[in-house]
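Visitor: I would like to go through the strand pairing and ask what each label rests on.
Guide: Then let us start with the model itself.

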Amino acid sequence: MRPNTSLLSSIGALVGLVASSEQPDSSGLQILLSSGDEICVHPPYQVQIVSSSPLVMYIKDFLTEQERAHLRAISINSFRHSVVADGKRSAQRTSQSTYVESDHVVRCIEERALAFQGRDVQPSQLEPLQLVKYAPGEHYHFHTDWFSDPAYKLAVNGGNRVSSFFAYIYVRNDTAGGGTNFPLLDPPVSDRWCDVVDCDEPYNRGLTFRPVEGNAVYWENLHPEDGSGSQKTLHAGLPVTTGEKIGMNIWTRQAPLSDEAPRLSRGES
């Protein structure tokens with residue numbers, strides 16, 4: 001069965017959609033950080049809708065080259081074996097991960113992620129930014145970002161994860177594999193997508209995004225009508241066969257995260 005193409009006819013009209021209604025020029029959009037007098041220069045990224053239910057968007061040029069280099073520099077020697085929601089290592093997740101300390105560049109990226117989601121999302125709803133590194137053979141098996149265990153989604157601890165960004169920080173030139181697969185989403189059929197989507201993937205394996213530096217995938221994890229988790233957001237970090245990939249998770253909660261909340265509820269997954 002061919003995938004549904006009803007969304008694709010309007011893709012061209014959506015290119016250039018940004019958090020502001022104004023189109024930034026090639027020098028980027030300057031925004032004063034809410035936390036002080038530092039200036040963020042945001043890139044003129046482009047957005048394309050991939051799915052409306054659940055909402056999934058592909059963002060081209062979400063991160064600048066300078067931001068990507070900075071994230072790599074501040075995370076050197078800090079990566080450790082990744083864990084899952086219970087804080088333990090698992091054969092389902094064999095990558096390495098680290099959290100980055102907040103600084104001017106990190107705050108600019110956070111401000112961009114907040115603006116993308118609208119004016120009602122507060123900085124206190126963001127989990128610390130997490131970098132993940134995949135070497136040959138490493139992967140993250142199928143999972144959802146939203147929590148199913150009630151203990152991890154209490155309102156006092158920030159509630160569940162409303163949305164996710166996965167951005168590509170670094171992809172070594174010889175990298176093969178390492179795509180981000182959504183097995184329950186229909187892949188697009190237009191060849192225009194083949195630079196960012198693995199068009200050679202069989203249709204029965206869903207949609208696989210290629211790892212492209214600077215780009216990001218955004219999706220909403222919960223059903224808007226009742227706040228339950230969407231099974232269609234099931235995804236996997238496919239194994240890297242050669243090379244290396246570094247990505248970044250940006251997770252937004254339903255409510256503010258308190259400093260006293262257990263670390264597990266602040267994104268240790």
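Guide: In this predicted model, Asn 181 stands opposite Thr 208 in β12.

Visitor: What makes β11 and β12 a pair of strands?
Guide: Pairing requires at least two bridges between the strands. Three bridges join β11 (residues 180-182) to β12, and the two run antiparallel; the requirement is therefore met.

Visitor: Where do these strands sit in their sheet, and what is its order?
Guide: They belong to an open sheet of four strands in the order β8-β14-β11-β12, with antiparallel pairing.

Visitor: Why are β8 and β12 said to stand at the edges?
Guide: Each has a single partner strand, so β8 (140-143) and β12 (207-209) are each left with one side lacking a neighbour in the sheet. From one strand to the next, the twist averages 15°.

Visitor: What is the strand order of the eight-stranded sheet?
Guide: That open sheet runs β3-β4-β13-β9-β16-β7-β6-β5, with antiparallel pairing. Its edge strands are β3 (46-52) and β5 (80-81), each pairing on one side only.

Visitor: How do you know that β7 and β16 pair?
Guide: Five bridges link β7 (residues 130-134) and β16 (residues 245-253) in the antiparallel sense. The cut-off is at least two bridges, so they count as paired. Gln 130 has Asn 249 in β16 as its bridge partner.

Visitor: What makes helix α2 a helix packed on the sheet?
Guide: Helix α2 (residues 65-74) touches β7, β9 (161-171) and β16. A contact means heavy atoms within 4.5 Å. The direction of α2 makes about 90° with that of β9.

Conventions: Residues numbered from 1 in each chain as written. Predicted model: local features only at pLDDT ≥ 70, side-chain atom pairs only at ≥ 80, totals over all residues. Heavy atoms only, no water. Axes fitted to C-alpha atoms, helices over the stretch in contact; angles between N-to-C directions.
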